[in-house]
Amino acid sequence: MKKLLYLLLLLTVLISCTSQKNSEDFIKNTEGRYLFNANEVIEIYYKDAVLHAKWRGNEDIELLKVNDSSFYMKELNEKMLFVSQPEMHIQLAPKREHKNVKYHFKKLAKGEKTPNEYFKAKEFDKALIAFRAIQKKDSSSSVIRQWTLNRIGYRYIRNKDYDSALEIFKINTILYPKSSNVFNSLGEAYFLKKDTATAIENFKKSLAINPENRNSKRFLKKLTKK
């Protein structure tokens with residue numbers, strides 16, 4: 001407890017001795033969006049040359065300046081370092097809780113979005129490219145798990161947004177072409193869109209992968225009933 005109080009006191013002293021204003025060059029180089037994880041960003045911006053951030057619904061987080069390139073973010077309980085080489089990024093100052101893992105947040109190019117942001121903007125081709133890039137880099141990422149994408153698709157269905165559901169299910173079949181379940185879901189979306197022929201086609205694909213998929217069998221029987 002004493003050690004923690006000492007560290008907080010030291011941080012307060014450092015902050016009080018440092019101008020909270022940032023230089024124009026620093027602002028120009030650091031302002032923008034940083035990839036916090038595969039599908040989430042931290043936005044860095046300035047008010048009166050003082051650094052602020054937007055993150056997870058918090059619209060106006062003021063970061064406490066420690067020195068010219070490092071800032072303390074209370075919401076993360078982390079000291080963030082802005083590093084310009086080899087390209088601008090944020091890294092977290094090492095601490096015991098990190099267990100020797102180094103955290104780096106890449107700065108996004110102007111106009112660059114996360115997969116979900118591309119999808120919400122209905123830029124489906126770009127969303128697919130972004131999802132595939134994540135899969136290539138980390139096939140175990142929770143962002144591109146087929147069950148995660150399926151849940152998103154059914155959320156759109158519950159909201160009667162069948163077009164968006166169709167697109168997320170299409171992406172899922174491209175990412176997981178050997179999954180019976182994703183073709184079954186795509187078949188359901190086409191069924192809801194009243195595209196019976198394409199629904200049947202996808203239920204057949206589902207059953208070709210797994211002949212025991214009961215939902216696909218039930219739909220196929222219903223749709224081909226004479």
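Mentor: Welcome! One term before we start: two strands pair if DSSP finds at least two bridges between them. Keep in mind, too, that this model is predicted.

Trainee: Thanks! In what order do the 5 strands of the open antiparallel sheet stand?

Mentor: With that definition of pairing, we can walk across the sheet from strand to strand. The sheet is open, its pairing is antiparallel, and its 5 strands stand in the order β5-β6-β7-β8-β9.

Trainee: Which strands are at the edges of that sheet?

Mentor: An edge strand of this sheet pairs on one side only. That description fits two strands, β5 (residues 64-65) and β9.

Trainee: Let me look inside the sheet. Which residue in β8 is the bridge partner of Phe82?

Mentor: Start with the two strands: β7 and β8 run antiparallel and are joined by 4 bridges. Among the bridge partners across them, Phe82 is matched in β8 by Ile90.

Trainee: And which peptide bond is cis?

Mentor: Look at the loop between β7 (78-83) and β8 (89-92), where Pro86 is found. The bond with omega of about 0° is the cis one, and it joins Gln85 and Pro86.

Trainee: Going on along the chain, is Tyr103 buried or partly exposed?

Mentor: Tyr103 lies in the loop between β8 and β9, and it touches Ile90, Gln91, Leu92 and His98, leaving aside residues up to four places away in sequence. Its relative accessibility is 35%. Buried would need a value under 20% and exposed one over 50%, so Tyr103 counts as partly exposed.

Trainee: How far apart in space are Tyr103 and Ala93, C-alpha to C-alpha?

Mentor: Along the sequence, these two are 10 residues apart. In space, the C-alpha to C-alpha distance between Tyr103 and Ala93 is 8.4 Å.

Trainee: There is also an open sheet of 4 strands. Which of its strands stand at the edges?

Mentor: The order of this sheet is β1-β2-β3-β4, with antiparallel pairing. A strand with a single partner has one side left without a neighbour in the sheet, and the strands placed like that are β1 and β4 (58-62).

Trainee: By how many degrees are neighbouring strands of the 4-strand sheet turned against each other on average?

Mentor: For this value, the direction of the strands is ignored. Neighbouring strands in the sheet are then turned against each other by an average of 30°.

Trainee: How many residues lie between β1 and β2 in their hairpin?

Mentor: β1 (residues 32-37) and β2 (residues 40-47) run antiparallel and are joined by 5 bridges. Gly32 stands opposite Ile44 in β2, while Asn37 has Glu40 as its bridge partner. Between the two strands of the hairpin, the number of residues is 2.

Trainee: What is phi of Ala49, in the loop after β2?

Mentor: Ala49 sits between β2 and β3 (50-55), and at 22% relative accessibility it counts as partly exposed. Its phi is positive, in a residue other than glycine, with a value near 65°.

Trainee: Now the helices! Which element gives the most residues to the largest nonpolar core?

Mentor: This core has 30 residues, and those with the most contacts inside it are Phe131, Ile144, Ile168, Phe169, Ile171 and Leu175. Elements that give two or more residues include α4 (124-137), α5 (146-158) and α7 (180-192). The top contributor, with 6 residues, is α6.

Trainee: Is Asn172 buried or exposed?

Mentor: Asn172 is found in helix α6 (residues 162-175). Not counting residues up to four places away in sequence, it touches Gln146, Leu149, Asn150 and Val182. Its relative accessibility is 0%, so Asn172 counts as buried.

Trainee: Last one: which element gives the most to the lining of the second largest pocket?

Mentor: This pocket has a volume of about 560 Å³. Its lining has 22 residues, with Leu35, Asn37, Ala38, Ile134 and Lys137 nearest the centre. β1, β9 (104-106), α3 and α4 are the elements that give two or more residues. The one that gives the most, with 6 residues, is α4.

Terms used: Residues are numbered from 1 along each chain as its sequence is written. This is a predicted model: local features need pLDDT of at least 70, side-chain atom pairs count only at pLDDT 80 or more; totals for chains, interfaces and linings use all residues. Side-chain values use heavy atoms; hydrogens and water are left out. Buried means under 20% relative accessible area, exposed over 50%, partly exposed in between (1.4 Å probe, protein chains only). Contact means heavy atoms within 4.5 Å. A nonpolar core is a set of buried Ala, Val, Leu, Ile, Met, Phe, Trp, Tyr and Cys residues joined through side-chain atoms within 4.5 Å. Axes are lines fitted to C-alpha atoms, for helices over the stretch in contact, and angles run from 0 to 180 degrees between N-to-C directions. On a 1 Å grid over the protein atoms alone, a cavity is a set of points where a 1.4 Å probe fits but cannot get out, and a pocket is an open set with protein on both sides within 12 Å along at least five of seven lines; lining residues have an atom within 4 Å of a point. Grid points are joined across faces, edges and corners, and a volume is the space filled by probe spheres set on the points.
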